[in-house]
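User: I'm new to this structure and would like a friendly tour. Could you walk me through it by question and answer?

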Amino acid sequence: MSSLLFAGVGRTVPSKVKLLLPHFSSSRCAISNSDYPLKTIVLQRTNAGFKLSSVRYKSNITGDRSATGSNGKKVRLVAGAALVAGLVAGLSHFQRAEMKSTVAVHSETGKKDADDILEKCKCFMSEPVTDVQVLQKNKEEMRTKMEMMILQTQAEFCKALAEVDGGTFQVDRWDRKEGGGGISCVLQDSNIFEKAGVNVSVVFGQLSEEAAQQIRSRGKSLKRKDVLPSICFDLQESLPFCSLLWGEFCNPSKNPHIPTIHFNHRYLKWNFSWIIVLLIPHSGSKLWWFGGGTDLTPTYLNKEDAVHFHKTLKDACDKHDRKLYPEFKKWCDNYFFIKHRGERRGVGGIFFDDLDSPTKEDLFDFVRSCAKAVVPCYIPIVKKHLNDSFTSEEKQWQQLRRGRYVEFNLVYDRGTKFGLATPGSRIESILMSLPLTARWEYMHEPPKGTKEAEMLQVLRNPKDWAQ
């Protein structure tokens with residue numbers, strides 16, 4: 001194995017060393033608001049670059065082992081400084097060589113790729129959260145692919161709903177001073193929907209201990225010594241940078257015969273910035289994963305709707321592996337369970353989390369298929385029930401079911417808890433899925449033999465709708 005020799009250190013370091021650097025935002029992309037389908041409220045944007053994490057060097061490399069006291073400390077500091085300087089110098093050399101070898105390729109394809117990114121951005125509800133120039137430069141990175149995908153899903157779903165409803169979405173583009181931001185599209189008190197919202201969040205920064213606890217509750221190990229056992233630095237108390245890309249939707253309808261859909265797709269990655277990591281094999285956790293799902297919450301049971309919804313999702317899963325739908329359907333039934341009521345939130349769908357195999361590309365293709373299935377699995381159901389009549393009693397039952405929806409989101413939903421525990425979180429976006437109105441009655445139980453009782457039985461005993 002080749003090695004690098006650092007002056008003043010007196011020992012070799014394996015060349016299998018990686019210096020992880022943060023991405024820094026460059027200039028804003030000059031795309032006018034007129035390029036987007038709806039009016040955009042653009043907030044003042046903060047610098048999107050990562051902050052440099054404060055670290056204290058802990059050197060395992062010493063010079064003269066007989067050195068003691070302040071002299072010994074000086075030797076260790078010199079050794080540490082030499083190691084960092086050598087790595088930076090080596091990285092600069094490799095970067096120049098890599099740039100020279102790839103510049104010809106990029107010159108041929110760069111313009112076309114840039115044009116593709118720009119054209120896609122014009123179809124979104126707003127300018128992307130990440131600078132378009134950065135997206136162009138890093139088009140092959142999963143973070144870029146995921147942001148582009150969830151922005152496209154947001155735009156497609158908003159346009160489909162606006163076409164059915166006849167209303168106009170308010171597009172609210174917001175920044176998070178700790179890093180990143182998001183785009184919230186809300187259709188409130190409109191013709192069909194009381195509040196339909198589609199969120200996109202792209203955030204990064206230090207993860208609080210409370211937020212990390214929400215991830216540990218799923219079995220993920222996020223202790224620094226577990227994630228990076230070979231790290232050469234003493235980190236601050238908060239966990240290193242993470243990037244979370246999240247797209248989410250929910251839509252309480254005025255008509256109790258139009259069900260509510262909820263979906264989200266997310267990608268989480270840990271980025272260890274300006275930290276030298278010796279790539280020594282270890283049993284630490286993987287540093288990225290995907291999650292998401294789509295589920296349906298009707299007020300009244302319509303078996304044809306449930307079958308259509310589940311079969312559409314099953315078809316999306318079957319394109320990748322026929323084992324996925326049964327597993328993720330069961331996962332959904334178990335996740336959206338209101339324990340204190342003994343009821344599911346709705347008739348289910350699919351749900352998955354912490355997926356980190358087989359590869360990023362395979363999982364991204366799967367998540368993209370799930371995202372593309374959202375419009376065809378739901379919009380036909382909405383159109384089917386647009387003109388359904390309803391009574392005041394049916395509206396009251398809808399209010400009670402909405403109360404159950406609120407209970408789950410506030411008591412059990414991990415996404416809500418994670419969002420509220422994330423520093424600088426935007427409360428309006430996190431709680432956007434809550435309905436405008438809901439109802440709680442004391443000791444309410446529908447009479448046997450009624451449509452309400454039928455719905456309750458299904459919520460207590462999930463069915464296999466796709467068979």
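Analyst: Happy to help; the questions below look at a predicted model.

User: How many residues line the largest cavity, and which helix gives the most to that lining?

Analyst: The structure holds 10 cavities of 30 Å³ or more, and the largest has a volume of about 330 Å³. Its lining is made of 23 residues, with S201, W246, G415, G419 and I430 nearest the centre. Strand 8, strand 10, helix 11 and helix 12 each supply at least two residues of that lining. With 4 residues, the helix that gives the most is helix 11.

User: Of the nonpolar, polar and charged residues in the lining of the largest cavity, how many are polar?

Analyst: The lining residues divide into three groups. There are 6 nonpolar and 5 charged residues in this lining. The polar group has 12.

User: Why is strand 11 described as largely enclosed?

Analyst: Buried here means under 20% relative accessible area. Strand 11 is largely enclosed by the rest of the structure because its buried residues number 10 of 11.

User: Which residue of strand 13 is the bridge partner of N264?

Analyst: Strand 11 and strand 13 run antiparallel and are joined by 10 bridges. Within strand 13, the partner of N264 is G293.

User: Which strands do the buried residues of helix 9 pack against?

Analyst: Helix 9 spans residues 374–384, and its buried residues are V374, C377, Y378, I379, I381 and V382. These buried residues pack against helix 3, helix 6 and helix 8. The strands they pack against are strand 11 and strand 13.

Notes
Residues numbered from 1 in each chain as written. Predicted model: local features only at pLDDT ≥ 70, side-chain atom pairs only at ≥ 80, totals over all residues. Heavy atoms only, no water. 1 Å grid on protein atoms, 1.4 Å probe; cavity = no way out; pocket = protein on both sides within 12 Å on 5 of 7 lines; lining within 4 Å. Points joined across faces, edges and corners; volume = space filled by probe spheres on them. Nonpolar A, V, L, I, M, F, W, Y, C, P; charged D, E, K, R; others polar. Buried < 20%, exposed > 50% of the residue type's maximum accessible area, 1.4 Å probe, protein only. Contact = heavy atoms within 4.5 Å. Pairing = 2+ DSSP bridges.
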